[in-house]
Amino acid sequence: MSYWLVNSEPEEYSFADLVAEKVGCWDGVRNYQARNNLRAMKMDDLVFFYHSRQGLESVGLAKVVGEAYPDPTAKKGDWSAVDLAPLRLLKKPVSLKAIKAESALQDIALAKNPRLSVMPISEEAFAVIMEMAEETTA
DNA sequence: GCCAACGTTGGC
DNA sequence: GCCAACGTTGGC
C-alpha cells in the first residue's frame, strides 16, 4: 500500500467535484515526474486531495480505483491517467502552512515543490497528516 | 497581481 | 551532452 497526494486548483476540479462524480478520472497531467507517480499507483492506495492556488489545504481523502491507463485527454505524447474515488472529507483541512510548520513533514514533496501535481507520501507522513486532519482539539 | 521556483526547450 | 533562456505554475 502506498500513499499519495494530488493537487488541483479547486475552481478547475475540486474534491466536491470528485464526490459528485463518485469516480473521477485524474487526467491532464503533463509532467513526467507526476506521470511516473501516477503509474506507480496501485489499486486501493490512499490519496490526499489538496487544493492549490485557492484554499491551499488538503481537504479530502480518496483512493485509487483504477490504475494508470493512457490519458484520454492527451492528443499526443505518452501520458497517463488514473481513476480516483472519494472516501471522505477530512474533519479538519490540513493547510500548507500547517504542513510546513510540522517538523515531521519538512521532507514531503509538497513543502519542497508544490508545483508537482502528483507526489508520493511516506507512510509516516501520511499518518502525521491524518492525525492533523482528525484531531478535534486545536 | 507580482515574484520566485521548476521544468522544458533550443543552441552550442 | 551541457548550459542558458523562456514559459508556466504556485505561493504570497
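1. Which phosphate oxygen contact does the side chain of Gln33 make with DNA strand B, and at what distance? A polar side-chain atom of Gln33 lies 3.1 Å from a phosphate oxygen of that strand. Please keep in mind, for this and every other point below, that the model is predicted.

2. Let us stay with DNA strand B for a moment. Its surroundings are made up of Asn31, Tyr32, Gln33, Asn113 and Arg115. Of the atoms of DNA strand B that come within 4 Å of the protein, 57% belong to sugar and phosphate. By residue class, the protein surface near this strand has three polar residues, one nonpolar and one charged.

3. Two further side chains deserve a look at DNA strand B. Asn113 places a polar side-chain atom 3.5 Å from a sugar or linking oxygen. Arg115 addresses a base instead: one of its polar side-chain atoms is 2.8 Å from a base nitrogen of DNA strand B.

4. Now to the other DNA strand. Around DNA strand C you will find Glu9, Tyr50, Ser52, Arg53, Leu56, Leu96, Lys100, Pro114 and Arg115. Here sugar and phosphate supply 58% of the strand's atoms that come within 4 Å of the protein. The residues of this surface split into four charged, four nonpolar and one polar. Arg115 is listed around DNA strand C and also around DNA strand B, a handy residue to click on when you want both strands in view.

5. The individual contacts to DNA strand C can be followed one by one. Tyr50 has a polar side-chain atom 3.3 Å from a phosphate oxygen. Arg53 brings a polar side-chain atom to 2.9 Å from a base nitrogen. Glu9 is one to inspect by eye: an N or O atom in its side chain is 3.1 Å from a phosphate oxygen of DNA strand C.

6. Turning to the fold, six strands make up an open sheet with mixed pairing, in the order E2-E5-E4-E3-E1-E6. Strand E2 (24-26) and strand E6 (118-121) are at the edges, and each has a single partner strand, so one side of each lacks a neighbour in the sheet. On average, and ignoring direction, neighbouring strands are turned by 40 degrees against each other.

7. Several pairings in the sheet are antiparallel. E4 and E5 are joined in this sense by ten bridges, with Tyr69 opposite Ala81 in E5. At one edge, E2 pairs with E5 over three antiparallel bridges, and Gly24 has Leu84 in E5 as its bridge partner. At the other edge, four bridges connect strand E1 (residues 3-8) to E6, again antiparallel; there Trp4 faces Pro120 in E6.

8. What packs on the sheet? Helix H5 (residues 123-134) does, touching E1, strand E3 (46-51), strand E4 (57-70), strand E5 (80-95) and E6. The direction of H5 makes about 45 degrees with that of E5.

9. Finally, a word on charge pairs. Side chains of opposite charge can pair when their charged atoms come close. The structure holds seven salt bridges, and one of them joins the side chains of Lys63 and Asp44, at 3.5 Å from N to O. This pair links distant parts of the chain: Lys63 sits in strand E4, while Asp44 is in the loop between helix H2 (32-40) and E3, 19 residues apart.

Conventions: Residues are numbered from 1 along each chain as its sequence is written. Chains are lettered from A and ligands numbered from 1 in the order in which they are written. This is a predicted model: local features need pLDDT of at least 70, side-chain atom pairs count only at pLDDT 80 or more; totals for chains, interfaces and linings use all residues. Side-chain values use heavy atoms; hydrogens and water are left out. Two strands pair if DSSP finds at least two bridges between them. Helices (H or I, at least four residues) and strands (E, at least two) are DSSP runs, numbered from the N terminus. Axes are lines fitted to C-alpha atoms, for helices over the stretch in contact, and angles run from 0 to 180 degrees between N-to-C directions. Contact means heavy atoms within 4.5 Å. A residue is near a molecule or strand if one of its heavy atoms lies within 4 Å of it. A polar contact is a pair of N or O atoms within 3.5 Å; within protein, one must be able to donate a hydrogen and the other to accept it, and residues adjacent in sequence count only if both atoms are side-chain atoms. Ala, Val, Leu, Ile, Met, Phe, Trp, Tyr, Cys and Pro count as nonpolar, Asp, Glu, Lys and Arg as charged, and the others, Gly among them, as polar. A salt bridge is a side-chain nitrogen of Lys or Arg within 4 Å of a carboxyl oxygen of Asp or Glu.
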